[in-house]
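User: Please give me a close look at how the strands are arranged here. Keep it plain, I'm new to this.

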Amino acid sequence: MLTPELRQQIQNATENVVDTLGVPTIWRQTKDPQATKEIVAGFKSPSWADQEIINAYGIGSKIFTIKVADIAIVEKFDRLTVLDEEYTIDVVMPVHLNGVHLFHKAISKGK
Amino acid sequence: MLPVSVETLRVRVGLDSSDASRDDDINYASELSLSLMGNYCDRLFPEEADYEEIFTHKRGMSLSLIRYPITVVTSIIDSNGTVVSAYHTAAKRGIVNLDAYGCFHEVTVIYTGGYVEGGFPADLLSAFYGIFDQEFAAIGTSSSSAVISSVTVQDVGTVRFDTGGANDSSGAAYLPTSAAAILDNYKRYKC
């Protein structure tokens with residue numbers, strides 16, 4: 001396990017990657033209270049290395065990486081808007097570093 | 001001695017200018033940085049008054065002082081007690097040019113030299129900050145602690161960082177690359 005200092009350093013660095021390379025995204029909660037928030041999220045179209053995701057969710061699927069620091073809970077059917085394209089989340093998976101929940105990995109079948 | 005005021009360094013490390021809680025760490029990092037700069041350039045940067053430098057078995061027409069720029073040379077006395085008074089100084093290069101050829105068993109130079117607080121040139125101060133930041137950040141971490149050179153977040157991308165020569169295998173590996181490049185211009189001129 002990492003030392004707390006090094007884990008924090010890596011956490012900061014990984015969050016910085018999303019801030020640096022991510023895209024402006026608007027999150028809309030489907031359940032009440034139907035909150036919205038403007039965030040920067042990782043946004044990726046599946047590549048040849050993501051065959052399982054393509055097989056499961058289709059060629060038009062998208063992979064979002066959302067910082068837990070931005071939104072604590074992201075759920076299925078929440079909506080993410082990138083520019084004028086709106087995506088509905090189909091599945092959310094957690095990404096951990098040691099015992100810390102860093103990111104939500106959210107997959108959408110497409111806009 | 002600090003090259004800038006302690007208040008400036010407190011702000012530099014993210015503290016309030018009146019917050020003295022980490023002055024020990026600031027002083028340690030500052031002294032270590034100046035020492036590293038000195039080792040790299042083979043000279044001493046901070047000013048010290050009446051600094052005594054002894055040359056042994058010295059021959060020639062010049063003395064290359066280690067602490068400069070020279071403010072004033074107080075005295076040059078050889079081991080026989082003879083006062084050397086015929087000389088000129090190249091203050092910015094730290095050189096005392098003797099008017100006559102010297103052949104000394106031992107010669108002692110007492111002088112005031114170095115940069116005063118707030119008097120460091122901007123580029124030298126930039127090099128100092130580069131080293132100071134590195135050393136201050138390293139306080140409390142072991143020397144073997146990892147330096148993050150790149151971070152990859154799957155499905156997002158990779159960001160690579162300038163590790164400032166931390167992974168450099170050259171002789172100046174303990175200095176950030178940018179600082180070493182600046183300090184190259186401040187290496188001691190020996191003659």
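Analyst: First, a term: a residue is buried if its relative accessible area is under 20%, exposed if over 50% and partly exposed in between, using a 1.4 Å probe and protein chains only. By that yardstick, 40% of the 111 residues of chain A are buried. This is a predicted model, where local features need pLDDT of at least 70 and side-chain atom pairs need 80 or more, while totals for chains, interfaces and linings use all residues. Residues are numbered from 1 along each chain, chains are lettered from A, and side-chain values use heavy atoms without hydrogens or water.

Now the strands. Chain A has 2 helices and 6 strands, counted as DSSP runs (H or I of at least four residues for helices, E of at least two for strands) and numbered from the N terminus. Along the sequence they come as α-β-β-α-β-β-β-β. In space, though, the strands of chain A form a closed barrel with antiparallel pairing, in the order E1-E2-E3-E6-E5-E4. Pairing takes at least two DSSP bridges between two strands. From one strand to the next, the twist averages 45°.

Zoom in on one pair: E1 (residues 23–28) and E2 (residues 36–44) of chain A run antiparallel over 6 bridges. There, Ile26(A) sits opposite Glu38(A) of E2(A). Helix H1 (residues 4–21) of chain A packs on the sheet and touches E1, E2, E3 (62–67), E5 (85–97) and E6 (100–108), with contact meaning heavy atoms within 4.5 Å. H1(A) points about 30° from the direction of E6(A); such angles run from 0 to 180 degrees between N-to-C directions, with axes fitted to C-alpha atoms, for helices over the stretch in contact.
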